[in-house]
Amino acid sequence: MKYRSVFDIIGPIMIGPSSSHTAGAARIGKVARSLFGRKPKWAHISFYGSFAKTYKGHGTDVAIVGGLLNFDTFDERIKTSLQIAKEEGIDITFQEEEAIPNHPNTARIRLGDEKGELELVGISIGGGKIEITELNGFELKLSGHHPALLVVHNDRYGAIASVANVLAKYAINIGHMEVSRKEKGKQALMTIEVDQNIDSSIIDELKTLPHIIEVTKIMD
């Protein structure tokens with residue numbers, strides 16, 4: 001495995017003990033919170049592989065809940081996140097899964113409130129780095145370390161080009177992009193990682209494009 005910097009080895013500033021089991025878990029939770037867009041009323045968290053075996057000892061449970069509370073990896077409140085969630089009326093449940101995952105550090109989060117639900121699968125790949133591999137049934141690859149757009153759209157000709165044209169108009173460079181669909185001609189998901197934060201006015205413009213259903217941004 002190649003490392004681009006010493007921080008890929010040391011990991012992020014964090015509440016310990018493990019960059020993969022703690023910092024990575026916190027980031028998975030924080031991405032889930034960002035995508036949901038508000039504080040959830042409940043969250044059901046399933047752990048797989050190494051996460052399932054060691055989550056209590058390594059603080060994966062408190063870290064992932066801290067992320068759901070929008071705490072960063074270095075936030076001291078992570079240590080008491082379960083109590084804070086309880087005080088804020090968030091119902092948290094954990095499940096240890098026996099299924100063998102594609103990656104040993106895997107968590108599935110399902111969260112929601114009276115307005116809606118969201119489900120994602122995240123993996124912690126080491127050094128505090130993560131990937132989101134599934135969102136509401138769509139397969140994707142999202143690092144959570146760069147500003148990103150998630151665009152739900154009808155699977156129609158020109159939908160991808162229209163989004164790319166808007167980003168080009170505002171000189172926004174695309175670092176990574178992929179498209180996932182459950183079925184031809186139905187809904188699809190664009191995952192677009194970019195090099196800079198995107199103004200809300202651009203999001204509003206994207207939402208007016210033909211065939212676009214929903215646009216969500218994740219800021220770095």
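## The β3-β4-β5 hairpins

Start with the turn between β4 and β5: these strands make a hairpin with two residues between them, and Gly-127 there takes a positive phi near 65°. This is a predicted model, so read angles like that one as computed from the prediction. The two strands run antiparallel and are joined by six bridges. One pair to look for is Gly-122 with its bridge partner in β5, Ile-132.

Step back along the chain and there's another hairpin, this one made by β3 and β4, again with two residues between the strands. Eight bridges join β3 (residues 105-113) to β4 (residues 116-126), and the pairing is antiparallel. Here Gly-112 has Glu-117 in β4 as its bridge partner.

## Two non-glycine residues with positive phi

As a rule, most residues other than glycine have a negative phi. Asn-136 goes the other way, with a positive phi of about 50° although it isn't a glycine. You'll find Asn-136 in the loop between β5 (129-135) and β6 (138-142). Its relative accessible area is 37%, so Asn-136 counts as partly exposed.

His-211 is also not a glycine, and its phi is positive too, at about 75°. This residue sits in the loop between α7 and β10. With a relative accessibility of 33%, His-211 counts as partly exposed.

## The four-stranded sheet

Now for the sheet that β10 belongs to. It's an open sheet of four strands in the order β8-β9-β7-β10, with antiparallel pairing. The edges are taken by β8 (174-181) and β10 (212-218); each has a single partner strand, so one side of each has no neighbour in the sheet. From one strand to the next, the twist averages 15°.

What does β9 look like from the inside of the sheet? β9 (residues 187-194) pairs with β8 in the antiparallel sense over seven bridges, and seven bridges also join β9 to β7, again antiparallel. On the β8 side, Arg-181 has Ala-188 of β9 as its bridge partner; on the β7 side, Leu-150 stands opposite Thr-191 in β9. Seven of the eight residues of β9 are buried, so this strand is largely enclosed by the rest of the structure.

β8 and β9 also form a hairpin, with five residues between them. Gly-185 is in that turn and has a positive phi of about 85°. As for helices, α7 (residues 200-207) lies across β7 (148-154) and β10, running at about 160° to β10.

## Two nonpolar cores

Which residues have the most contacts inside the largest nonpolar core? They are Ile-64, Ile-109 and Leu-120, in a core of 41 residues. Helix α2 (residues 19-36) makes the largest contribution to this core, with seven residues.

Ile-109 is a handy place to zoom in. Setting aside neighbours within four places in sequence, Ile-109 is in contact with Ile-28, Gly-29, Ala-32, His-44, Ile-45, Ile-64, Leu-68, Leu-118, Glu-119 and Leu-120. Elsewhere there's a second, separate core of 16 residues, which includes Val-151, Ile-198, Leu-209 and Ile-212.

## The whole chain

Zooming out, the secondary structure comes to seven helices and ten strands. The radius of gyration is 18 Å, close to the 17 Å that the globule rule gives for 220 residues, so the protein is as compact as a globular protein of that length. Along the principal axes, the C-alpha atoms fill a box of roughly 50 × 45 × 35 Å.

Of the 220 residues, 47% count as buried. If you take the contacts with a separation of 6 or more, 66% of them are between residues 24 or more positions apart. The accessible surface comes to about 11,400 Å², and 49% of that belongs to carbon and sulfur atoms.

Technical notes:
Residues are numbered from 1 along each chain as its sequence is written. This is a predicted model: local features need pLDDT of at least 70, side-chain atom pairs count only at pLDDT 80 or more; totals for chains, interfaces and linings use all residues. Side-chain values use heavy atoms; hydrogens and water are left out. Two strands pair if DSSP finds at least two bridges between them. Axes are lines fitted to C-alpha atoms, for helices over the stretch in contact, and angles run from 0 to 180 degrees between N-to-C directions. Contact means heavy atoms within 4.5 Å. The radius of gyration is taken over C-alpha atoms; the globule rule is 2.2 Å times the number of residues to the power 0.38. Buried means under 20% relative accessible area, exposed over 50%, partly exposed in between (1.4 Å probe, protein chains only). Accessible areas come from the Shrake-Rupley method with a 1.4 Å probe; for residues, only the protein chains shown count as cover. A nonpolar core is a set of buried Ala, Val, Leu, Ile, Met, Phe, Trp, Tyr and Cys residues joined through side-chain atoms within 4.5 Å.
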